Amino acid sequence: MKKLFIANWKSNKTQEEVDIWLESFKPYMDLEQEVIIAPPYPFLSLVAEKIKDKENISLAVQNLSTYPAGSYTGEVCVRNLDGFGVKYAILGHSERRRYFKESHQDVANKIFQALNNGIVPVVCVDQNYIEDQAQLIYSELLSKCIVAYEPLAAIGTGEIAPVKNVTKVVKEIKSVFGKVPVLYGGSISPENIAPYLKVSDGVLVGGASLNAEVFADLLQSE
Ligand code: PGA
């Protein structure tokens, strides 16, 4: 199976910076790996336009409303994304759980919204709530998720989780969710990525995805 590389830009970048990133990434757009770009909402069209002919590059959102379309001011729901070519949604990232108080139930509701509308959820979990999160997801939906093991202590800190732990948790996640792709995320860089690709199905990258050349280095490290 091809490894998955997700670029999670979080709430970084201006329109001009997105243009620069896409221009710098052009020489790498025909690589073999499966790449998913998750820009902030306002840049979805910009990225979609540039990747539209690229089979191995897809678009993701970083969040979704727990609600369907309706009177929910400020929310972005799955229906709003129609026509943008969004294939994936990163859901339950620890920053959403921490700063926006998303509960396991909220994340489960978002997963339901996504899958009901043809979007594949990339569900972020830490080791201590894998089961609690999974229990709230309809059991028939579990195997339709991609799961990212994101240890809190490793996110944005440079303190990458030991490979041994990642190996163990990837197995644990597969035993709970089924045969789903399991990614690792947290302080991945071109210097440290190699062993993590051996024990996971890919990586969810924050900081090292902000620069196109650095992200391209990750893709070439296999
Ligand atoms: P990081 O972020 O690569 O900057 O640690 C990872 C993430 O938040 O998914």
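This note goes through the ligand site and one residue of a loop, in a model that is predicted.

1. The surroundings of the ligand are a good place to begin. The shell around the ligand consists of K10, H93, E150, A154, I155, G156, G186, S187, L204, V205, G206 and G207. Sorted by character, these shell residues comprise four that are nonpolar, six that are polar and two that are charged.

2. Several backbone atoms come into polar contact with the ligand. A backbone N or O atom of S187 is 2.7 Å from a ligand oxygen atom, while a polar backbone atom of G206 lies 2.9 Å from an oxygen atom of the ligand, and for a polar backbone atom of G207 the distance to a ligand oxygen atom is 2.8 Å. As for how much of the ligand is covered, the ligand taken alone exposes 280 Å², and 95% of that is buried by the protein.

3. The next residue to look at is N192, which sits in the loop that runs between strand β7 (182–185) and helix α8 (193–199). Is N192 buried or exposed? With a relative accessible area of 19%, N192 counts as buried, because the cut-off for that word is under 20%.

4. N192 also leads back to the ligand site through S187. The side chain of N192 reaches the backbone oxygen of S187 at a distance of 2.9 Å, and S187 is itself one of the residues that surround the ligand. If neighbours within four places in sequence are left aside, N192 is in contact with I160 and S187.

Key: Residues numbered from 1 in each chain as written. Predicted model: local features only at pLDDT ≥ 70, side-chain atom pairs only at ≥ 80, totals over all residues. Heavy atoms only, no water. Near = heavy atom within 4 Å. Polar contact = N/O pair within 3.5 Å; in protein donor to acceptor, adjacent residues only side chain to side chain. Areas by Shrake-Rupley, 256 points an atom, 1.4 Å probe, with all protein chains shown as cover. Nonpolar A, V, L, I, M, F, W, Y, C, P; charged D, E, K, R; others polar. Helix = DSSP H or I, 4+ residues; strand = E, 2+ residues; numbered from the N terminus. Buried < 20%, exposed > 50% of the residue type's maximum accessible area, 1.4 Å probe, protein only. Contact = heavy atoms within 4.5 Å.
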